[in-house]
Amino acid sequence: MLLAKGISKTYTVKEKEKFFSFSKKREIEALKHLDITIEPGKITGLLGINGAGKSTTIKILSSILEPTTGTVEVDGIDAILHPQRVKKMVNVITGGERNLYWRLSARENLEYFGALYGLSKKELNLYIDYSLALVGLKDTKTPVERYSKGMKQRLQIARGLINDPKYLFLDEPTLGLDVSIAKELRHYIKKLSKVEKKGILLTTHYLSEVEELCDWVYIINQGELLMEGSPSDIISKVIPETNLKVIVESSTLKLKQELKEYTNMKHARLHTVEENGITTITISAKEDITSDVVTIISNHGVSILSFKTEDSNLEDALLALTNREGDKEYELVKSS
């Protein structure tokens, strides 16, 4: 088990007030007393808007960066005192097409990265065959520059497995991939967790992936933990409402008044929009009130064109928690 307790990271930066003036120092807290647990065989999500501290967290957990305060233990080994031992137990897989040598073949890439871990020739061949088979990559002699995006990302996963790590940190693993390729990679991620029993930390802007893959989620903002829990628990705690959307041909004043009185009684939120003779009624409530609303509208002789209920999702919860709805710095993406 990977346990991080009270990890903080403070940077000291120098700033110049004027061109010829002396620099003054300022401290920036990237992380503030963060606790994180990653269990073998589980997928843990780490979410937050840009600048929340996700990259700093991954660097600390993978022993690339030392925390200012706090402790990190990987299967009982102190990562701060023994970073080299921990680095052999973890690996980082990034999205995009970085961290590969395009003029080399898949096998040559893996031989190079495996050599950095000091693996023997026998161990290296064993791990290369294992990782290539796991991601279904059969063409191992063609230069990587001729690979498709999907093949390159599968090779990225194979590279991350070259030292047979117990813990994997996946940083935007499906970034920029087509829907079908991203779905395929999610299958490999599930396999790594459920079959290979790897402990996985996932960061992604595709929040539907988090809902699909993650057993537990940490949401951070400005280096602080805002909330943790399963995706469904977080959604129900932050936005315990269901949205009912009804489209009618037209609305009467009496209907609007009765809906207002009803939603006030139910402590629900009512929003109506009229355009070109069509009225869209949206009601957010903590209970299912579909039957009541349909009955009220029908009793007023108003024709219902369509209606549907929409549950809140992790995107809604994240935006509500960080109070940054519509923030251009954080592109929330819904993948199908």
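1. Throughout this note, buried means a relative accessible area under 20%, exposed means over 50%, and partly exposed covers what lies in between, with a 1.4 Å probe and protein chains only. On that scale Leu126 is exposed, with a relative accessible area of 57%, and its place is in helix α4. Leu126 and Ser193 are 67 residues apart in sequence and 20 Å apart in space, taken from C-alpha to C-alpha.

2. The model is a predicted one, in which local features need pLDDT of at least 70 and side-chain atom pairs count only at pLDDT 80 or more, while totals for chains, interfaces and linings use all residues. Residues are numbered from 1 along each chain as its sequence is written, and side-chain values use heavy atoms, with hydrogens and water left out.

3. The domain assignment, whose bounds come from an automatic or database source, divides the chain into domain 1 (2–237) and domain 2 (240–311). The C-alpha centres of domain 1 and domain 2 are 45 Å apart.

4. Helices (H or I, at least four residues) and strands (E, at least two) are DSSP runs numbered from the N terminus, and two strands pair if DSSP finds at least two bridges between them. By these criteria six strands make an open sheet of mixed pairing, in the order β6-β7-β8-β3-β9-β10. The edges are held by β6 (90–94) and β10 (224–229), each with a single partner strand, so one side of each is left without a neighbour in the sheet. From one strand to the next the twist averages 20°, where axes are lines fitted to C-alpha atoms (for helices over the stretch in contact) and angles run from 0 to 180 degrees between N-to-C directions. Within this sheet, β3 and β9 (residues 216–221) run parallel and are joined by four bridges, and Gly45 stands opposite Val217 in β9.

5. Helix α6 (residues 179–194) has 16 residues, which at 1.5 Å a residue should span 22 Å, and its end C-alpha atoms are indeed 22 Å apart; the expected span is 1.5 Å times one less than the number of residues. Its buried residues are Ile181, Ala182, Leu185, Arg186, Tyr188, Ile189, Leu192 and Ser193. Seen down the axis of α6, these fall within an arc of 160°, so they line one face of the helix, the arc being that of the directions from the helix axis to the C-beta atoms. On the other side of α6, Ser180 and Lys183 are exposed.

6. Contact is taken as heavy atoms within 4.5 Å. The buried residues of α6 pack against β3 (43–47), α4 (121–134), α5 (149–160), β7 (167–171), β8 (199–203) and α7 (207–213).

7. Helix α5 has 12 residues and reaches 17 Å from its first C-alpha to its last, close to the 16 Å expected. Of these 12 residues 11 are buried, so α5 is largely enclosed by the rest of the structure; among them are Met151, Lys152, Arg154, Leu155, Ile157 and Arg159. What covers the buried residues of α5 includes β6, α3 (106–116), α4, β7 and α6.

8. Two loop residues deserve a look at their backbone angles. Asp75, in the loop between β4 (69–74) and β5 (77–78), has a positive phi of about 50° although it is not a glycine, and Asp75 is partly exposed, with a relative accessible area of 30%. Lys197, in the loop between α6 and β8, has a phi near 60°, which is a positive value in a residue other than glycine.
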